[in-house]
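Trainee: Could you take one hairpin in this model and go through it closely? Start at its turn, then work outward to whatever packs around it.

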Amino acid sequence: MLESRRLKGIIGLGMLLVPSMIFGQTSEDMTTTSGISKVNQLNIRSFPDGDTSSIIGQLKAGEEVKITYKVGKFYKVYTSQTSGFVFSDYIDTQELEGIREQNVENVRDIVTGEAKVEEVVSSIGDQIVAEAMKYLGNPYVYGGNSLTSGTDCSGFTQGVMKLMGINIPRTSKAQSKVGTLIAKDNMQVGDLLFFGNSQSSIFHVGIYMGNGKMIHASTSSKGIIISDAFSGGGAPLQVIRRVC
C-alpha cells in the first residue's frame with residue numbers, strides 16, 4: 001500500500017508518473033524552459049516540500065532538464081527518466097521570464113511505486129553525501145539536532161554520520177580533532193571541512209561533495225545549503241578530517 005499527501009491506492013511494480021501536475025492541464029500544454037543542474041546528486045522530489053516529500057530521483061551536475069513552472073522555492077522539471085520538483089537555487093537557467101508561477105494548492109503529489117531513490121554509490125564518501133543531500137533546504141537552528149526540523153552545522157554533520165554508523169562528537173571544534181587529518185590536495189568526497197580563525201579556533205563544519213562544493217547547515221536565513229568548499233564557511237578553511 002502506498003500513501004501520498006493526497007492520494008491512496010495500490011501501485012504495481014515499476015513507476016507510475018502522474019503526467020498532469022496542474023489540475024486540468026497536461027505538460028504538453030505548458031511552455032517549457034531549459035535548465036541545467038549546478039550540483040551532483042540534486043534530489044528530485046514528489047512534491048514542492050523539502051520536509052515531507054519523497055525523493056524519487058536525482059540529477060547530476062550539468063544534466064539538462066525542462067522546467068514547466070515554479071512553485072515557491074521549487075521548479076517542476078522533466079528529464080528523460082522522470083519528473084518532479086527540485087530546489088530552484090540549484091538549477092541554472094537563462095530564461096527566467098518564461099517560467100510561470102503556480103500556487104502550491106494547485107499542485108499534487110507525483111505517485112511512484114517506489115518512494116525512494118535508487119542510488120548507485122561507489123564509496124562510503126558517496127553514501128555520506130547522498131544521505132546529507134536528503135536534508136538539503138531544511139532549516140538551521142542553533143543548538144538543534146533534528147535533520148528535518150532544525151540543526152546547526154555540527155549537529156548536521158553529527159546526525160548524518162550517525163545515520164551512516166559513524167559516531168563523532170557534537171561540536172565542530174571537537175569534531176575537528178577526530179579521524180584522519182587530510183591535506184587539501186588529498187580531499188575526498190565525504191571528508192569534513194572545518195572553518196575558523198585558526199586550527200585551534202574552529203566554529204563551522206561542512207561535508208565535502210567533490211568538485212569544489214560542500215553541503216552544510218549555514219545560517220538561520222539560509223538553512224542547509226550547498227556552497228563553495230573553500231570560501232563558503234564564513235571563515236578560512238583550517239582543517240580537513242576523514243572519519244570514514
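**The hairpin and its surroundings**

Mentor: Strands S16 and S17 form a hairpin, with 6 residues between them. Gly-223 sits in that turn and has a positive phi, about 75 degrees. A word on the terms: helices (H or I, at least four residues) and strands (E, at least two) are DSSP runs, numbered from the N terminus. The model is predicted, so local features need pLDDT of at least 70 and side-chain atom pairs count only at pLDDT 80 or more, while totals for chains, interfaces and linings use all residues. Residues are numbered from 1 along each chain as its sequence is written, and side-chain values use heavy atoms, with hydrogens and water left out.

Now the two arms. Strand S16 covers residues 213-217. S17 covers residues 224-228. The two pair in the antiparallel sense over 5 bridges. Pairing here requires that DSSP finds at least two bridges between two strands. For one rung of this ladder, take Met-214: the bridge partner is Ser-227 in S17. Strands of a sheet pair through backbone hydrogen bonds, either parallel or antiparallel.

How covered is S17? Mostly: 4 of its 5 residues are buried. Buried means under 20% relative accessible area, exposed means over 50%, and partly exposed lies in between (1.4 Å probe, protein chains only).

Next, S16 on its other partner. S15 pairs with S16 in the antiparallel sense, over 3 bridges. There, Gly-210 stands opposite Lys-213 of S16. S15 itself takes in residues 201-210.

Step back to the sheet. It is open and has 6 strands, in the order S13-S18-S14-S15-S16-S17, with antiparallel pairing. Its edges are strand S13 (180-181) and S17, and each of these pairs on one side only. For S17 in the hairpin, the partner is S16.

Two helices pack here. H1 (124-133) lies across S15, S16 and S17. It runs at about 105 degrees to S15. H2, residues 153-163, also packs on the sheet. It touches strand S14 (192-198), S15, S16 and S17, and its direction makes about 45 degrees with that of S15. Axes are lines fitted to C-alpha atoms, for helices over the stretch in contact; angles run from 0 to 180 degrees between N-to-C directions. Contact means heavy atoms within 4.5 Å. Both hairpin strands, then, are touched by H2 and crossed by H1.

Take H1 in more detail. It is mostly covered, with 8 of its 10 residues buried. The buried ones are Gly-125, Asp-126, Ile-128, Val-129, Ala-130, Glu-131, Ala-132 and Met-133. Charged names such as Asp-126 and Glu-131 are on that list. What covers them? The cover includes strand S4 (42-45), H2, S15, S16 and S17. The hairpin strands therefore appear in the cover of H1, alongside H2 and S15.

H2 is largely enclosed by the rest of the structure, because 8 of its 11 residues are buried. Those residues are Cys-153, Ser-154, Gly-155, Phe-156, Thr-157, Gly-159, Val-160 and Met-161. Past the helix comes Gly-165, with a positive phi near 80 degrees. The glycine in the hairpin turn, Gly-223, has a positive phi too, about 75 degrees.

For a second hairpin to set beside this one, look at S7 and S8. These strands have 4 residues between them. Strand S7 (residues 74-78) pairs with S8 in the antiparallel sense over 5 bridges. In one rung, Phe-74 stands opposite Phe-87 in S8. Strand S8 spans residues 83-87, and 5 of its 5 residues are buried. Both of its faces are covered. Ser-83, Phe-85 and Phe-87 lie on one side, Gly-84 and Val-86 on the other, and all are buried.

Last, the whole protein. Its secondary structure comes to 3 helices and 18 strands. Of its 244 residues, 50% count as buried. Among contacts with a separation of 6 or more, 62% are between residues 24 or more positions apart.
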